[in-house]
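Hi,

I'm passing a structure over to you, with some notes on what turned up in it. Have a look at it first, then read on below.

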Amino acid sequence: MPSHTELLRLAVDLAHANRQRGGRPFGAVLARDGEVIATGINDIVHTHDPSAHAEMQALRAGTRRQASPSLAGCTLYASGHPCPMCLAALLMAGCGQVFYAFDNQDATPYGLSNEGWYRCLRLPLVPPPLPLSRLDTGISAAQLYGDTPWPQA
């Protein structure tokens with residue numbers, strides 16, 4: 001069974017591949033008991049849909065695959081800290097926990113932070129409404145969001 005770090009690294013790899021194809025650098029993996037149920041990438045650029053965030057895409061694919069709107073027992077792995085929209089959808093679907101690689105401070109220098117949306121909506125980042133845990137994947141924010149070279153496999 002893959003570890004939390006391995007599943008999160010998959011989300012980061014999806015984000016990197018999406019950035020290389022001209023999309024925004026965000027990826028997500030939805031899993032239950034270590035089994036990948038669905039993945040998603042931020043597809044706003046290509047679909048012109050402001051709700052096409054990686055977490056939303058994984059949520060949509062996962063609930064369709066299960067033929068159920070419930071994500072009870074599922075864990076989401078996201079390359080970045082979920083925005084308020086994604087976090088609300090995950091809560092509404094009953095997702096159990098979220099692991100993420102980069103927080104809003106990491107994303108700020110690249111114009112990719114969601115902290116402003118939390119402030120605009122007057123939502124506190126602490127305490128989180130469901131377990132949110134940051135994990136190190138061995139990739140830096142500069143490698144995913146900036147111009148630092150991606151490590152070779």
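A word on classes before the pockets: Ala, Val, Leu, Ile, Met, Phe, Trp, Tyr, Cys and Pro count as nonpolar, Asp, Glu, Lys and Arg as charged, and the others, Gly among them, as polar. By that scheme, 6 nonpolar, 7 polar and 2 charged residues make up the lining of the largest pocket.

This is a predicted model, in which local features need pLDDT of at least 70 and side-chain atom pairs count only at pLDDT 80 or more, while totals for chains, interfaces and linings use all residues. Residues are numbered from 1 along each chain as its sequence is written, and side-chain values use heavy atoms, with hydrogens and water left out.

Back to the pockets (a pocket is an open set of points on a 1 Å grid over the protein atoms alone, where a 1.4 Å probe fits, with protein on both sides within 12 Å along at least five of seven lines; lining residues have an atom within 4 Å of a point). The largest holds about 200 Å³ of space, a volume being the space filled by probe spheres set on the points, which are joined across faces, edges and corners. Among its 15 lining residues, Arg 24, Phe 26, Asn 42, His 53 and Asn 114 lie nearest the centre. The second largest pocket has about 170 Å³, and its lining includes His 81, Tyr 100, Asp 103 and Glu 115.

Now the core. The largest nonpolar core (buried Ala, Val, Leu, Ile, Met, Phe, Trp, Tyr and Cys residues joined through side-chain atoms within 4.5 Å) has 43 residues, and Leu 71, Leu 76, Tyr 77, Phe 102 and Tyr 145 touch the most other members. Buried here is under 20% relative accessible area, exposed over 50%, and partly exposed in between (1.4 Å probe, protein chains only). Leaving aside neighbours within four places in sequence, Tyr 145 has contacts (heavy atoms within 4.5 Å) that include Arg 19, Phe 26, Phe 102 and Tyr 110.

Helices (H or I, at least four residues) and strands (E, at least two) are DSSP runs numbered from the N terminus. In H4, the buried residues include Cys 86, Leu 87 and Leu 90, and H3, E3 and E4 are among the elements covering the buried residues of H4.

Lastly, two backbone oddities. Ala 67, in the loop between H3 and E3, has a positive phi of about 55 degrees although it is not a glycine. Arg 122 has one of about 60 degrees and lies in the loop between H6 and E5.

Best wishes
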